[in-house]
Protein chains: 2
Amino acid sequence: MGNLADFIEQYLRNILLTQRKVELQRRELAKMFRCAPSQINYVLETRFTFEKGYLVESKRGGGGFIRITLVPQDNGDFVQTVESLIPEKLDAEVVEDVLEKLAAWELLDSTDVVLCRELFNKYFSDLHGESAAILRAKLVKAIILVIGFKNKE
Amino acid sequence: MGNLADFIEQYLRNILLTQRKVELQRRELAKMFRCAPSQINYVLETRFTFEKGYLVESKRGGGGFIRITLVPQDNGDFVQTVESLIPEKLDAEVVEDVLEKLAAWELLDSTDVVLCRELFNKYFSDLHGESAAILRAKLVKAIILVIGFKNKE
DNA sequence: GCACCTCTGACCTTTTCTGACTTTATTGTA
DNA sequence: TACAATAAAGTCAGAAAAGGTCAGAGGTGC
């Protein structure tokens with residue numbers, strides 16, 4: 001956690017902790033962090049994506065601005081979300097994709113992802129046969145749910 | 001016990017004696033031990049594996065890092081206990097007994113037990129066939145590991 | 001001598017960051 | 001009103017700053 005992008009991200013997320021929108025000027029923010037204005041775009045593109053739950057709007061010209069809006073997370077049922085994000089059947093090669101998707105949705109952090117991956121290698125890498133894909137999906141779901149539950153505790 | 005890899009391992013384990021995570025830069029560590037950066041990877045690959053109770057994450061690019069996290073496992077007798085309490089094969093009717101035993105040993109709290117039970121009902125009540133019992137055992141172990149990991153976080 | 005563990009260096013990939021150039025919007029002015 | 005000046009933000013190629021990979025050289029013990 002030592003680079004500029006992370007700090008800027010932190011700054012913005014902090015604001016979004018108390019407000020649903022931030023509106024600011026790219027130029028000002030860049031000045032604040034003593035960086036090139038295009039750095040701000042980099043942060044927005046890599047950290048404040050729709051996948052992660054943000055909407056970014058902007059306007060050029062005089063009175064221009066950048067606005068970030070928090071997308072209301074359908075914060076309903078964690079179980080629902082996991083169910084909808086993970087298909088009924090899961091081939092081994094797809095497990096990694098699913099983990100990344102869950103990370104993008106910030107349902108898992110990076111350490112959780114590594115933990116899941118390792119658990120799979122250790123215990124469930126040799127699943128085969130008829131219903132392996134179904135079973136794999138269930139296993140992933142179960143483990144994700146445990147992690148998710150614990151993350152909220 | 002005299003080669004570089006051992007010294008680097010020692011150094012890192014020492015830190016992990018007092019912290020559950022180390023985060024450092026490969027370049028810096030290599031400089032410290034006057035070796036090639038790739039030597040660090042060798043140490044990580046041979047000494048800090050999941051099997052041995054570690055999770056390793058890393059990030060490239062500016063502000064990159066390597067992070068090692070201790071999985072509660074070989075320290076104390078967590079895995080020993082888990083391994084001895086959970087047999088290789090687990091019949092469905094025995095799952096509940098195992099959960100209770102784990103609770104008695106305070107490896108799970110009462111909430112964890114309910115969580116496990118529900119997950120089993122939801123996803124794995126219909127396991128059958130040859131290897132169901134083995135799978136059931138692995139699953140319980142995996143879940144216990146997650147819970148143990150998360151409880152320490 | 002063979003098998004296995006260490007270790008390095010050359011080359012690769014990913015992530016961050018900047019600067020030059022482009023596009024768009026507003027404002028002031030003839 | 002048309003047009004120039006000004007004030008934003010956007011784009012993108014490429015430099016810089018990490019870490020990753022892998023073949024093969026060098027040890028060590030049997």
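How many Å separate the centres of domain 1 of chain A and domain 2 of chain A, taken over C-alpha atoms? To find out, keep in mind that you're looking at a predicted model, and start by colouring chain A in two pieces: residues 4-70 for domain 1 and 78-152 for domain 2. Between the two centres the distance is 32 Å.

**Stop 1: the sheet**

Stay in domain 1, which spans 4-70, and show chain A as a cartoon. Select strand 1 (21-24), strand 2 (54-59) and strand 3 (65-70). Together they make an open sheet in the order 1-3-2, with antiparallel pairing. Strand 1 and strand 2 are the edge strands, each pairing on one side only. From one strand to the next, the twist averages 15°.

Now zoom in on strands 1 and 3 of chain A, where four bridges hold the antiparallel pairing. For one landmark, click Leu24(A): its bridge partner in strand 3 is Ile66(A).

**Stop 2: a salt bridge between strands**

Turn on side chains for Arg67(A) and Glu57(A), which meet in a salt bridge at 3.2 Å, N to O. Arg67(A) belongs to strand 3 and Glu57(A) to strand 2, 10 residues apart. Glu57(A) is partly exposed, at 35% relative accessible area.

**Stop 3: from helix to loop**

Next, pick Arg13(A) and Glu106(A). Their side chains form a salt bridge of 3.4 Å, N to O. Arg13(A) sits in helix 1 (residues 4-15) and Glu106(A) in the loop between helix 5 (92-104) and helix 6 (110-124), so this pair ties together parts of chain A that are 93 residues apart in sequence. Arg13(A) is partly exposed at 23% relative accessible area, and Glu106(A) is partly exposed too, at 38%.

Don't deselect them yet. Add Asp6(A), Glu9(A) and Arg47(A), and you have a network of salt bridges that links these three with Arg13(A) and Glu106(A).

**Stop 4: across the chains**

Bring chain B into view and select Asp112(A) with Lys150(B), whose side chains meet in a salt bridge at 2.6 Å, N to O. This one crosses between chains, running from helix 6 of chain A to helix 7 (residues 132-152) of chain B.

Are these two partners buried or exposed? Asp112(A) counts as buried, with 0% relative accessibility, and Lys150(B) is buried as well, at 7%.

If you'd like to keep hunting, the structure holds 26 salt bridges over all chains.

Technical notes: Residues numbered from 1 in each chain as written. Chains lettered and ligands numbered in written order. Predicted model: local features only at pLDDT ≥ 70, side-chain atom pairs only at ≥ 80, totals over all residues. Heavy atoms only, no water. Salt bridge = Lys/Arg side-chain N within 4 Å of Asp/Glu carboxyl O. Helix = DSSP H or I, 4+ residues; strand = E, 2+ residues; numbered from the N terminus. Buried < 20%, exposed > 50% of the residue type's maximum accessible area, 1.4 Å probe, protein only. Domains from an automatic or database assignment. Pairing = 2+ DSSP bridges. Axes fitted to C-alpha atoms, helices over the stretch in contact; angles between N-to-C directions.
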